[in-house]
Amino acid sequence: MHSVMQQPFKTAVLILVWGWLLFLVLAPNLLVVGASVMTRDPVSFLSLPLNLDAYRQLFDPLYLEVFLHSLYMAAMTTLVCLLIGYPFAWALSKVGKQRQLILIFLLIVPFWTNSLVRTYALKLILATNGLLNSALMSIGLIDEPLQLLYTEGAVIIGLVYLLLPFMILPLYSVFEDLKQELLLASHDLGAGRFSTFVHVIVPLTLPGVLAGVMLVLLPAMGLFFVPDILGGSRNLLVGNVIKNQFLDARNWPFGAAASIVLTVTMAFLMFAHRLSKRRIGEEGA
Amino acid sequence: MTRWLPRTYLTLVYLLLYVPIVVLVVFSFNDSRTGYAWGGLSLRWYESLFNNRAMVNAMWNSLWLALSAATVSTVIGALTALALHRYRFRGKKLLNGMLFVVMMSPEIVLAISLLALFLLVGLQLGYVSLLLAHVTFCLPFVVITVMARLSGFDESLPEAARDLGASDFTMTRTVLIPVIMPALLAGWLLGFTLSLDDVVVSTFVSGPSYEILPLRIYSMVRVGLKPEVNALGTLLLVFSLIMLMLSQWILIRSKR
């Protein structure tokens, strides 16, 4: 049992942590919720009458188009990451243990290197007189440089490049846990490769898929510097809208409402992830 | 067929991940001003980088910020992990949940909420606001790293220390801290790197009084190509590689 003498240490630690989280996480988020229902004010940013104008503005055709386009690019990014990452994680889990460590290390290196610099490196490759166009022209595949930079595709490539490891790592961990016996059992029960994949492998790896989707989809809506560097002014993300509303247009209620859309999306994805994990837990028991 | 196909695939994806990085490094030694064509080997971009006073200044600011943010978040994160591991208290699940949410939330959501807070309490945007923000987003990563270390740890050691009459504080200092030391170092290195790389949060909570490197790079790369950025990127790359290898080395060595 803990004696009375031990309590000060525990109390001090708990006050520190709770204080930090309440002051720098909970309070700021409540402020954003509050800001989203207030009225825009050119001097003090926000003023009273409470209203839902900011949320109504989200459905303004002009912004709705930007949001849907952003959502489309984020969804495409997630899809491409999943299509590349799923077989990749599968193949990775089959490699020998020693080599796996090195390969995982190589996967984390980009995560530790400056994402801004890596996005810029893509610009060197995709620019009109960049490496890719020069290479394609020198082998005679094209006569004139392609417009690769400042397109929707460039933004998606940039996002995939930055976020792919975040899709692979959770997928890799579910493939690692995938029990070989289950696959053998499925085979013994007469299931073919395709049937095993659909009925055994896909459901068992679903939590990893959802975790990966969560880790890719949300940043893919927020990383405003990717369109800034690669996308030009027509391929904006929700993150660009939030940034413009807060830092340039000074329309805080609208920026806050847009940010809440992101938070709600996150909550929804987290809920789906929990649900999928619980289902597997029950089936396994 | 089943053997070479996965291997080719793995190699291909790694190639795609690393080509831009290699291009960046090679072009940082390019003498040509246009930035695309090869003009021979040169160190001129490194030279102009170090002759740029504003750049060097931003570099020092960033290093100092990363150093302090990593240190503060390691201290608070380690204490949090210890509390979560050892104590029962009301709201423990909530605390865990909040840390998880911080880790998962899009950076931009955290960024604007902190900006709103700082403006409300009248904190001038600069070093202090950056520090508070960076510690906040580093915190969950440190907690997770230390928790992982604690969960594989033999519970009888602290029990024994307590039986021998050590107070909670003494036991933490003499038994637990040495055990979690590798995780502390790894968490510190991770925090340092996260802080050094952050663009999104810093864009919102920094002020003109304290210019940091990522924001300086950001303003440079938005318009056209800047060969200095290749040189700077290469330096940052080497730096993070050293940090990453250090942290992996610490973690692997501690497992033996």
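User: What is the accessible surface of chain B, and how is such an area obtained?
Analyst: The accessible surface of chain B is about 12,000 Å². Carbon and sulfur atoms hold 68% of that surface. Such areas come from the Shrake-Rupley method with a 1.4 Å probe, and for residues only the protein chains shown count as cover. This is a predicted model: local features need pLDDT of at least 70, side-chain atom pairs count only at pLDDT 80 or more, totals for chains, interfaces and linings use all residues, and side-chain values use heavy atoms, with hydrogens and water left out. Residues are numbered from 1 along each chain as its sequence is written, while chains are lettered from A and ligands numbered from 1 in the order in which they are written.

User: What makes up the fold of chain B?
Analyst: Chain B has 11 helices and 0 strands. Both kinds are DSSP runs, numbered from the N terminus: helices are H or I with at least four residues, strands are E with at least two. The pattern along the sequence reads α-α-α-α-α-α-α-α-α-α-α. The C-alpha trace of chain B spans about 70 × 65 × 30 Å along its principal axes.

User: Why is Gly126(B) called buried?
Analyst: Buried means under 20% relative accessible area, exposed means over 50%, and partly exposed lies in between (1.4 Å probe, protein chains only). Gly126(B) has 4%, so Gly126(B) counts as buried. The residue lies in the loop between helix H5 (107-121) and helix H6 (127-151) of chain B. Across chain B, buried residues make up 54% of the 256 residues.

User: Which residues does Gly126(B) touch, beyond its neighbours within four places in sequence?
Analyst: Contact means heavy atoms within 4.5 Å. Gly126(B) is in contact with Val205(B), Gly207(B), Ser209(B) and Tyr210(B), leaving those neighbours aside. Its C-alpha atom is 9.9 Å from that of Ile212(B), which is 86 residues away along the chain. For chain B, 72% of the contacts with a separation of 6 or more join residues 24 or more positions apart.

User: Is Ser247(B) buried or exposed, and how do you know?
Analyst: The relative accessibility of Ser247(B) is 2%, so Ser247(B) counts as buried. Its place is in helix H11 (residues 227-255) of chain B. Not counting residues up to four places away in sequence, Ser247(B) touches Trp112(A), Ala186(B) and Leu189(B).

User: How do you know how much area lies between chain B and chain A?
Analyst: The size of an interface is often given as the accessible area lost when the parts come together. Here that buried area (the loss with a 1.4 Å probe, summed over both parts) is about 7,600 Å². Carbon and sulfur atoms give 81% of it. On the side of chain B that touches chain A, H1(B) gives the most, with 15 residues. In contact are 86 residues of chain B and 77 residues of chain A.

User: How many salt bridges does the rule find across the interface of chain B and chain A?
Analyst: A salt bridge needs a side-chain nitrogen of Lys or Arg within 4 Å of a carboxyl oxygen of Asp or Glu. The rule finds 0 across this interface.

User: Why is Val26(B) called partly exposed?
Analyst: Val26(B) has 38% relative accessibility, so Val26(B) counts as partly exposed. Val26(B) sits in helix H1 (residues 4-27) of chain B.

User: What is unusual to look for in the phi of Tyr150(A)?
Analyst: Phi of Tyr150(A) is positive, about 60°, although Tyr150(A) is not a glycine. Tyr150(A) lies in the loop between helix H6 (131-138) and helix H7 (152-177) of chain A. At a relative accessible area of 40%, Tyr150(A) is partly exposed.

Methods
Buried area = accessible area lost by both parts, 1.4 Å probe.
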